[in-house]
Amino acid sequence: RLVPPGRSAVPLSAQDYTVMLALARGGECVHRRAIVTALGEDYLQYDQRRLDTQMRRLRRKVEQACGLQLPVATVRGVGYRVFQPFEVIAPK
């Protein structure tokens with residue numbers, strides 16, 4: 001789950017959780033390779049459009065669930081930049 005401040009929790013799939021964890025641990029700019037590797041995939045064989053689709057769905061899920069934007073921006077040709085720090089809490 002993703003719990004925005006003062007909002008209801010947003011349920012996350014296992015893949016969503018892995019992506020959010022990679023973003024949280026990756027520092028200010030997270031390279032696409034780091035996210036793909038966290039997903040357990042081979043970066044050279046991975047279709048990059050899958051990651052774009054994953055991020056688009058994750059952004060939409062958060063916005064529809066709580067009306068807030070996911071604090072992650074695309075860095076063209078590099079990966080993603082987290083513009084507001086967040087913490088990922090492991091499921092119980």
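Trainee: In which sense do strand β2 and β3 pair, and over how many bridges?
Mentor: This is a predicted model, and the residue ranges come from it. Strand β2 covers residues 72-75, while β3 covers residues 79-82. The pairing of β2 with β3 is antiparallel, and the number of bridges is four.

Trainee: Which residue in β3 is the bridge partner of T74?
Mentor: T74 lies within the range of β2, residues 72-75. Its partner has to be sought in β3, and that partner is Y80.

Trainee: How many residues lie between β2 and β3 in the hairpin, and which residue in the turn has a positive phi?
Mentor: The two strands form a hairpin with three residues between them. One residue in that turn has a positive phi, at about 75°. That residue is G77.

Trainee: What is the order of the strands in the open sheet?
Mentor: Besides its pairing with β2, β3 pairs with strand β1, residues 29-31, in the antiparallel sense over three bridges. The edge strands are β1 and β2, each pairing on one side only. The order is β1-β3-β2.

Trainee: Which residues of β3 stand opposite V30 and H31?
Mentor: Both V30 and H31 fall in the range of β1, residues 29-31. V30 stands opposite Y80. For H31, the bridge partner in β3 is G79.

Trainee: By what angle are neighbouring strands of this sheet turned against each other on average?
Mentor: The sheet has three strands with antiparallel pairing. For the turn between neighbours, direction is ignored and an average is taken. The value is 30°.

Trainee: How are helix α1 and helix α3 placed, roughly parallel or roughly perpendicular?
Mentor: Two packed helices are described by the angle and the distance between their axes. Here the axes of α1 (residues 14-25) and α3 (residues 48-66) come within 11 Å and cross at roughly 95°. Angles of 65 to 115 degrees count as roughly perpendicular. The two helices are therefore roughly perpendicular.

Trainee: How do the residues of the contact of α1 with α3 divide into nonpolar, polar and charged?
Mentor: On the α1 side the contact is made by Q15, D16, V19, M20 and L23. On the α3 side it is made by Q54, M55, L58 and K61. The division is five nonpolar, two polar and two charged.

Trainee: Which residue forms a salt bridge with K61, and is that residue buried or exposed?
Mentor: The closest N and O atoms of this pair are 2.4 Å apart. The pair links helix α3 and helix α1, with 45 residues of separation along the chain. K61 is partly exposed at 29% relative accessible area. The partner has 5% relative accessibility, so it counts as buried; it is D16.

Trainee: In the salt bridge of D52 with R32, which residue counts as buried?
Mentor: The closest N and O atoms are 2.9 Å apart, and the pair joins helix α3 to helix α2, 20 residues apart. D52, with 31% relative accessible area, is partly exposed. Buried means under 20%. At 13%, the residue that counts as buried is R32.

Trainee: How many salt bridges does a search of the whole structure find?
Mentor: Those of K61 with D16 and D52 with R32 have been described. The side chains of R50 and E41 also meet in a salt bridge, at 3.8 Å from N to O; R50 is partly exposed at 42%, and E41 is partly exposed at 35%. The search of the whole structure finds four.

Technical notes. Residues are numbered from 1 along each chain as its sequence is written. This is a predicted model: local features need pLDDT of at least 70, side-chain atom pairs count only at pLDDT 80 or more; totals for chains, interfaces and linings use all residues. Side-chain values use heavy atoms; hydrogens and water are left out. Two strands pair if DSSP finds at least two bridges between them. Axes are lines fitted to C-alpha atoms, for helices over the stretch in contact, and angles run from 0 to 180 degrees between N-to-C directions. Angles under 35 degrees count as roughly parallel, over 145 as roughly antiparallel, 65 to 115 as roughly perpendicular and the rest as oblique. Contact means heavy atoms within 4.5 Å. Ala, Val, Leu, Ile, Met, Phe, Trp, Tyr, Cys and Pro count as nonpolar, Asp, Glu, Lys and Arg as charged, and the others, Gly among them, as polar. Buried means under 20% relative accessible area, exposed over 50%, partly exposed in between (1.4 Å probe, protein chains only).
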